Amino acid sequence: MSRSTDFLRQLPQSDERFSGPSLLMRWLHIDTILLLMLLLLIGSGLFVLFSGSGQDISDVKRQGAHFGLGLILMLLVAQIDPDHLRRWSPWIYGAGLLGLVAVMLVGTDAKGAQRWVQIPFVGFRVQPSEFMKLAVPMMVAWYLSDRVLPPSPRRLMVALIIIFVPTVMILRQPDLGTSILIASSGIFVLLFAGLSWRWIMGSAVVAGIAAPLMWFFVMRPYQKQRVLTLLDPESDPLGAGWNIIQSKTAIGSGGMGGKGWLSGTQSQLDFLPEGHTDFIIAVLGEEFGFIGVLSILALYVAIVLRGFYIAINGQSTYARLVAGAFTSIFFVYVFVNMGMVSGILPIVGVPLPLVSYGGTSVLTLMASFGVLMSVHSHKKILKR
């Protein structure tokens, strides 16, 4: 028997092995395991949001609509072959840069920041920087995927330019949290591309040297205050330190099992600021205790592990790089939010993914999971 015949006999026969729901999920290019975990996280998020928003059902309905749109977007993106995504990456990146330029020229102000563009005639606004969380890693992966890895010094410099042009533009809005996430998403692609430890250690040294320069010449007064508040929140307990003090109080008062749903004093009596957005994990900790926080953290870990499984088994270099970067940035979302709420990181306005209230961030995250679904489901039979 020939090798080719033997290989074909080892292939799974889809009609025999898959039927009913499994066959439908394959036809829709959906990873059932990842979808179920995402739905569980979304349901938990809506449950906690009702309490964190002061029992405002309208916020829950709006967030439910965001999730509905996000799931539709995820399904649509999942139908696109990763090869098509690779070819579209430069266009997506270019469109994102145009959006950032539009913010600089005609952007709208809110709370001292110019981050949004008002869409004429439709009555809503968009935040182009959110979409760069997708565009930057896709562009870097496109640039590196057809070349020898690890990247040469010249190609590494080009990749860094791709990353830091939008990062600097977003930093000027100013939006330190989003700029850090976007830079991280591109750097993760470089790490997965096999960047040597020599470059990693050199970058760490450069970052250490640049930190004082950023403090004096880049960071704005309110950003410096956030760092100082992290080091000593009690220095201004009724001002800059209020958020973190109330957050830590809420989490600590929850104990092991929590005070019960809708029974948190810090959140229900409005001591906890932004309880439905950046500080929603404090609401969870107060009402469901350490067990509740550990449960949601375990769900995040499971999603991250599934994402890395999909990335490792991606069929092309582009697919593996993009899937690994999207999974890693999802983990960074969780780490930064929990770190700033618990007082180990400065407050940078990063929401808890798929739990905090928000529209644009939900759509961005669900689109990234659509890419993961696409990487998992679009696999071709390789000839031997």
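**Burial, bridges and rings**

Modeller: Threonine 364 sits in helix H16, residues 360–377. The model is predicted.

Biologist: What makes threonine 364 buried?

Modeller: The relative accessible area of threonine 364 is 4%. The cut-off for buried is under 20%. Threonine 364 therefore counts as buried.

Biologist: Which residues does threonine 364 touch, leaving out those up to four places away in sequence?

Modeller: Glu130, Phe131, Lys133 and Leu134.

Biologist: How many salt bridges does a search of the whole structure find?

Modeller: Five. One of them joins the side chains of aspartate 31 and arginine 306.

Biologist: Why is the contact of aspartate 31 with arginine 306 called a salt bridge?

Modeller: The N to O distance is 2.8 Å. The limit is 4 Å, so the pair qualifies. Aspartate 31 lies in the loop between helix H3 (21–27) and H4, and arginine 306 in helix H14, so the bridge ties together parts 275 residues apart in sequence. Both residues are buried.

Biologist: What about arginine 62 and aspartate 59: where do they lie?

Modeller: Both are in helix H5 (residues 57–78), three residues apart, about one turn of the helix. Their side chains meet at 2.4 Å, N to O. That is within 4 Å, so this is a salt bridge too.

Biologist: Why is arginine 62 called partly exposed?

Modeller: Its relative accessible area is 41%. Partly exposed runs between the 20% and 50% limits, so arginine 62 falls there. Aspartate 59 has 11%, which means buried.

Biologist: How do you know that glutamate 286 and lysine 259 form a salt bridge?

Modeller: Their closest N and O atoms are 3.2 Å apart. With a limit of 4 Å, the pair therefore counts. The bridge links distant parts of the chain: glutamate 286 in helix H14 and lysine 259 in the loop between H12 and H13, 27 residues apart. Glutamate 286 is buried at 0% relative accessibility. Lysine 259, at 33%, is partly exposed.

Biologist: On to the rings. How many aromatic pairs does the structure hold?

Modeller: Eight. Among them is phenylalanine 47 with phenylalanine 288.

Biologist: What makes the pair of phenylalanine 47 and phenylalanine 288 tilted?

Modeller: The centres are 6.0 Å apart, and the planes differ by 45 degrees. The distance is within 6.5 Å, so the rings pair. Stacked needs under 30 degrees and edge-to-face over 60, so 45 leaves tilted. Phenylalanine 47 is in helix H4 (residues 32–52) and phenylalanine 288 in helix H14 (residues 280–312), 241 residues apart. Both count as partly exposed: phenylalanine 47 at 38%, phenylalanine 288 at 24%. Phenylalanine 50 and tryptophan 261 also form a tilted pair, at 5.8 Å and 45 degrees. Phe47, Phe50, Trp261 and Phe288 form one aromatic cluster.

Biologist: How do you know that arginine 147 lies over the face of tyrosine 143?

Modeller: Arginine 147 is 4.5 Å from the ring centre. The distance limit is 6 Å, and the angle must be within 35 degrees of the ring normal. Arginine 147 is listed as lying over the face of that ring.

Biologist: Which residues have the most contacts inside the largest nonpolar core?

Modeller: Leu34, Leu41, Val140, Tyr300, Ile303, Phe330 and Phe369, in a core of 90 residues. Helix H15 (residues 317–342) gives the largest share, 16 residues. Beyond its neighbours within four places, isoleucine 303 contacts Leu34, Met37, Leu38, Leu41, Phe330 and Phe369.

Terms used:
Residues are numbered from 1 along each chain as its sequence is written. This is a predicted model: local features need pLDDT of at least 70, side-chain atom pairs count only at pLDDT 80 or more; totals for chains, interfaces and linings use all residues. Side-chain values use heavy atoms; hydrogens and water are left out. Helices (H or I, at least four residues) and strands (E, at least two) are DSSP runs, numbered from the N terminus. Buried means under 20% relative accessible area, exposed over 50%, partly exposed in between (1.4 Å probe, protein chains only). A nonpolar core is a set of buried Ala, Val, Leu, Ile, Met, Phe, Trp, Tyr and Cys residues joined through side-chain atoms within 4.5 Å. Contact means heavy atoms within 4.5 Å.
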